[in-house]
Every structure is written in structure tokens, then in C-alpha cells.
Amino acid sequence: MRTTTGADVRRVFDRIADRYDDQMQAWERRLFPGSREWAVGEARGHVVEIALGTGLNLPLYGPDVTVVGIELSEPMLELARRRVAHLGLGERVELRQGDVQHLELPDGIADTVLSTFTMCTIPDPAAAAREAYRVLKPGGRFVLAEHGPSSNLIIRAGMRLVEPLFVRFAADYLTRDPRPFLEQAGFQLESVSRMARGVSFRVVAVRP
């Protein structure tokens with residue numbers, strides 16, 4: 001199976017930006033209902049949202065949360081900017097184009113790092129996990145809603161069979177388990193829930 005690069009990911013999301021919301025919402029209705037609401041509900045204080053996409057999470061944040069959102073694709077980011085303007089969130093939300101594998105943010109500025117369905121496409125998820133660890137304050141939490149390898153052997157085998165196509169055309173690793181990357185970065189897993197026959201992951205990891 002081929003290895004993706006940042007250029008691959010940017011190209012994919014530049015291409016699908018205009019239809020990204022519809023595609024994601026269709027998948028989420030089938031396999032991950034409530035995952036975004038759960039993840040944003042776990043966010044506290046100053047939030048760094050990695051691979052923000054078109055900003056689907058932004059309407060869900062409470063008024064006591066401030067957000068810095070990082071996104072690689074300029075067309076995706078432009079849609080997020082429009083969402084911020086439409087919702088009047090400019091005072092609480094800052095958007096930046098950037099690579100979440102190399103965050104241009106100071107150490108220890110975040111209370112929460114949030115990721116929804118992004119670790120599956122980041123070329124080096126271990127680097128993203130290390131960056132999340134770095135920008136979090138001690139005691140800060142990395143909150144993830146993600147997909148990963150099914151706990152059902154037959155479904156998992158099917159996911160592996162089609163995964164090369166998803167990687168090639170969508171930069172999406174279907175069977176990437178996010179937990180080892182978090183543990184290798186130094187996080188302690190506070191809670192892990194799996195649904196939809198293990199395909200849906202909800203993870204809270206703490207920086208000691």
C-alpha cells in the first residue's frame with residue numbers, strides 16, 4: 001500500500017472541498033452518529049482543532065471556548081472562513097492554514113486538542129500526536145473521534161481489502177488505529193469507546 005504525503009492530502013481535499021460536507025455527513029449518519037457532538041462536548045478552555053476541514057465542528061462549541069483551527073487545504077479553509085463569518089464567531093475562532101505535523105504554535109498553549117476524522121488521513125500521525133502533546137498544557141486533553149479497524153474479523157478483512165483504493169483516491173487509511181500513536185507520544189488514555197462493530201472510536205487522552 002502506498003504512503004501518502006502532505007501534497008497528496010492537500011490535492012485530495014482541494015479537489016473535494018465543495019462536496020466534503022455532504023460526503024462526511026452521509027458517512028456520519030450511517031456509522032458515526034453523534035461523534036462530533038460528543039467530541040466538541042469534551043472540549044474545554046482554549047482549543048486547538050487540527051485538520052479543521054470546512055469547520056463542521058464550529059457551530060457546536062459553547063460560548064466559553066476559544067478555538068484555533070488549523071487546516072492544510074486552502075479551499076477547505078475558505079469554506080471554514082465563510083462559516084465563521086456566517087455564524088458570527090470571529091471573536092472566538094481563529095483560522096490558520098498549516099500542517100498539523102508541524103504546528104506553528106507555542107508549547108503548552110492549549111487546554112484541549114480536538115481531532116474529528118483526521119488522524120486517518122495525516123501522512124505521519126505519530127508526528128501529529130507529538131505536536132498535540134507539545135501544544136497542550138500539562139493535564140490537557142487530546143479528544144478524538146475517529147474510525148479504525150473493526151473488531152469484527154470479516155468487516156476488518158473487507159476494510160483491508162478496499163483500503164488501498166481509499167488511500168489512493170481519498171488519502172484515507174481505513175484500518176489505522178489511533179491509540180498507539182497517542183501512547184507513543186506520551187499520552188495516557190483516559191477513555192476509549194468503540195461503536196459500530198468497533199469501527200467508530202471515541203478517545204480521550206491526557207498529557208500528564
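Which backbone nitrogen lies 2.7 Å from a polar atom of the side chain of glutamine 101? In this predicted model, the backbone nitrogen in question is that of aspartate 124. Glutamine 101 itself is placed in the loop between strand E3 (93-97) and strand E4 (110-116), and with a relative accessible area of 11% glutamine 101 is buried. When neighbours within four places in sequence are left aside, the contacts of glutamine 101 are made with Ile122, Pro123, Asp124, Ala127, Ala128 and Glu131.

Among these contacts, Ala127, Ala128 and Glu131 are also buried residues of helix H4. Helix H4 spans residues 125-135, and because eight of its 11 residues are buried, the helix is largely enclosed by the rest of the structure. The buried set consists of Pro125, Ala126, Ala127, Ala128, Ala129, Glu131, Ala132 and Val135, and what covers these residues includes E4, E5 and helix H6 (179-185).

The strands that follow are described through their pairing and their burial. E4 and E5 run parallel and are joined by six bridges, with valine 113 standing opposite phenylalanine 142 in E5. Strand E5, residues 136-147, is mostly covered, nine of its 12 residues being buried. E5 is further joined by seven bridges to E7, to which it runs antiparallel, and in this pairing arginine 141 has valine 206 of E7 as its bridge partner. Strand E6 (residues 188-195) is likewise antiparallel to E7 and joined to E7 by seven bridges, one pair in that arrangement being leucine 189 and alanine 205 of E7. E6 and E7 form a hairpin with four residues between them, and alanine 196, in the turn, has a positive phi of about 50 degrees. In strand E7 (residues 200-206), seven of the seven residues are buried: Ser200, Arg202, Val204 and Val206 point one way from the strand, whereas Phe201, Val203 and Ala205 point the other way, and all are buried.

The open and enclosed spaces of the model were then considered. The largest pocket holds about 610 Å³ of space; it is lined by 23 residues, of which Trp27, His147, Phe166, Asp172 and Leu174 are the closest to its centre. Helix H1 (6-31) and helix H5 (153-170) are the elements that give two or more residues to this lining, and the largest share, 10 residues, comes from H1. By class, the lining of the largest pocket comprises 17 nonpolar, three polar and three charged residues.

In the second largest pocket there is about 250 Å³ of space, and of the 18 residues that line this pocket, Val9, Ala51, Glu71, Leu72 and Thr121 are the closest to its centre. H1 again appears here, giving the most to the lining of the second largest pocket with four residues, while the lining as a whole divides into 10 nonpolar, six polar and two charged residues.

A search of the whole structure finds one cavity of 30 Å³ or more, and about 50 Å³ of space lies in the largest cavity. The residues that line the largest cavity are Tyr20, Arg36, Glu49, Ala51, Leu52, Gly53, Thr54, Gly55, Leu56, Asn57, Thr116 and Thr118, and this lining contains four nonpolar, six polar and two charged residues. Ala51 is found both among the residues that line the largest cavity and among those closest to the centre of the second largest pocket.

How values were computed:
Residues are numbered from 1 along each chain as its sequence is written. This is a predicted model: local features need pLDDT of at least 70, side-chain atom pairs count only at pLDDT 80 or more; totals for chains, interfaces and linings use all residues. Side-chain values use heavy atoms; hydrogens and water are left out. Buried means under 20% relative accessible area, exposed over 50%, partly exposed in between (1.4 Å probe, protein chains only). A polar contact is a pair of N or O atoms within 3.5 Å; within protein, one must be able to donate a hydrogen and the other to accept it, and residues adjacent in sequence count only if both atoms are side-chain atoms. Contact means heavy atoms within 4.5 Å. On a 1 Å grid over the protein atoms alone, a cavity is a set of points where a 1.4 Å probe fits but cannot get out, and a pocket is an open set with protein on both sides within 12 Å along at least five of seven lines; lining residues have an atom within 4 Å of a point. Grid points are joined across faces, edges and corners, and a volume is the space filled by probe spheres set on the points. Ala, Val, Leu, Ile, Met, Phe, Trp, Tyr, Cys and Pro count as nonpolar, Asp, Glu, Lys and Arg as charged, and the others, Gly among them, as polar. Two strands pair if DSSP finds at least two bridges between them.
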